[in-house]
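Colleague: Please take a close look at one part of this model and describe its surroundings in a single connected account. Please begin with the sulfur chemistry and then place that part within the chain.

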Amino acid sequence: TKIQGLGWMLIAKLDGLRAASAFRAQSLPALVCLTDAPRQGPFGAIVDALAAAGSWVIFRDYAMPPAERAEAAARARELCSARGITLFVARDLDLALRIGAEGFHCPQSLIPSMASWRHAHPGLLFSAACHDEDSLRQACEAGATFALVSPVFPTRSHPGVHTMGTAHLRALVQSVPSLPVYAMGGVTARTMGELIDAGSGVAGVAGIDLVADLAGAHIAGERLQGCEI
């Protein structure tokens, strides 16, 4: 089916990014999922597709009320743990520690606190959201495991926002070569091809809508496998 074809295309592009990455020998994924229930549906409905793709997960869902977000994060932790998926929690360090997440994701504004947090919680992984070279260098110096750099391409969620494109992204990656960078913003099967062709050097990609497409293809494949022919 067309949906299944999209799924195979996405997986092929992810494999291509992994093969071209300088970090391919490290235990890092080619895909990082940021959760957003209104755009992806319930996390339980997409987690098997993420496991199949070898994705890591950043629990985001900023729009949820605090109590609901805490409950949803705990549930995501259970689902990820059962499938061997590495889970980060964004913005709320206390929540990440409370549910036993493997990592914490810092918005760019919180990067200055990362070094002290890493010292206080040496067993916790840290990632960072970066939009320029200064923040990328700060994240690297603070000991981030990886950084999400955005926006690379035009996005449906932020129409009209200035995007950096592949040439600027490649320059950012080269400016801090020791830090794995994930491209985010407008990432699709087509734009993943642009990242590969441009020699961007990214460790992989991160996204929200891309994950929904991958999950839809995975579900369609499962339904077809269950049909009698």
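**Strand 4 and the loop that follows**

Modeller: A search of the whole structure finds 0 disulfides, a disulfide being a pair of cysteine sulfur atoms within 2.5 Å. This is a predicted model, in which local features need pLDDT of at least 70 and side-chain atom pairs count only at pLDDT 80 or more, while totals for chains, interfaces and linings use all residues. Residues are numbered from 1 along each chain as its sequence is written, and side-chain values use heavy atoms, with hydrogens and water left out.

Two cysteines illustrate the absence of bonds. The sulfur of Cys 80 has its closest cysteine sulfur in Cys 33, at 8.4 Å, too far for a bond; Cys 80 is buried at 0% relative accessibility. Here buried denotes under 20% relative accessible area, exposed over 50%, and partly exposed the range in between, with a 1.4 Å probe and protein chains only. For Cys 140, the closest cysteine sulfur is that of Cys 130, 9.8 Å away and again too far for a bond, and Cys 140 is partly exposed at 24%.

As to the setting, the chain holds 10 helices and 8 strands, taken as DSSP runs (H or I, at least four residues, for helices; E, at least two, for strands) numbered from the N terminus. The radius of gyration is 17 Å, close to the 17 Å that the globule rule gives for 229 residues, so the chain is as compact as a globular protein of that length. That radius is taken over C-alpha atoms, and the rule is 2.2 Å times the number of residues to the power 0.38. Buried residues form 47% of the 229. Of the contacts with a separation of 6 or more, 60% link residues 24 or more positions apart, a contact meaning heavy atoms within 4.5 Å.

The part of interest starts with strand 4 (residues 103–106), which contains His 105. His 105 is buried, with 3% relative accessibility. Leaving aside residues up to four places away in sequence, His 105 touches Ile 58, Phe 88, Val 89, Ala 90, Arg 91, Ser 127, Ala 128, Ala 129 and Leu 148.

Several of these partners can be located. Arg 91 lies in the loop between strand 3 (87–90) and helix 5 (93–99). Its phi is positive, about 75 degrees, although Arg 91 is not a glycine, and its relative accessible area of 47% makes it partly exposed. Ile 58 falls within strand 2 (56–59), and the loop from that strand to helix 4 (66–83) holds Asp 61. Asp 61, also not a glycine, has a positive phi near 40 degrees and is buried at 7% relative accessibility. Leu 148 belongs to strand 6 (146–149), which is followed, before helix 8 (165–175), by the loop containing Pro 151. A cis peptide bond joins Ser 150 to Pro 151, with omega about -10 degrees.

Past strand 4, the loop leading to helix 6 (114–120) contains Ile 111, which is buried at 2% relative accessibility. With residues up to four places away again excluded, Ile 111 touches Cys 106, Ala 128, Ala 129, Cys 130, Ser 135, Gln 138, Ala 139 and Ala 142. Ala 128 and Ala 129 therefore appear among the contacts of His 105 and of Ile 111. Ile 111 and Gln 138 are separated by 27 residues in sequence, yet their C-alpha atoms are 7.0 Å apart.
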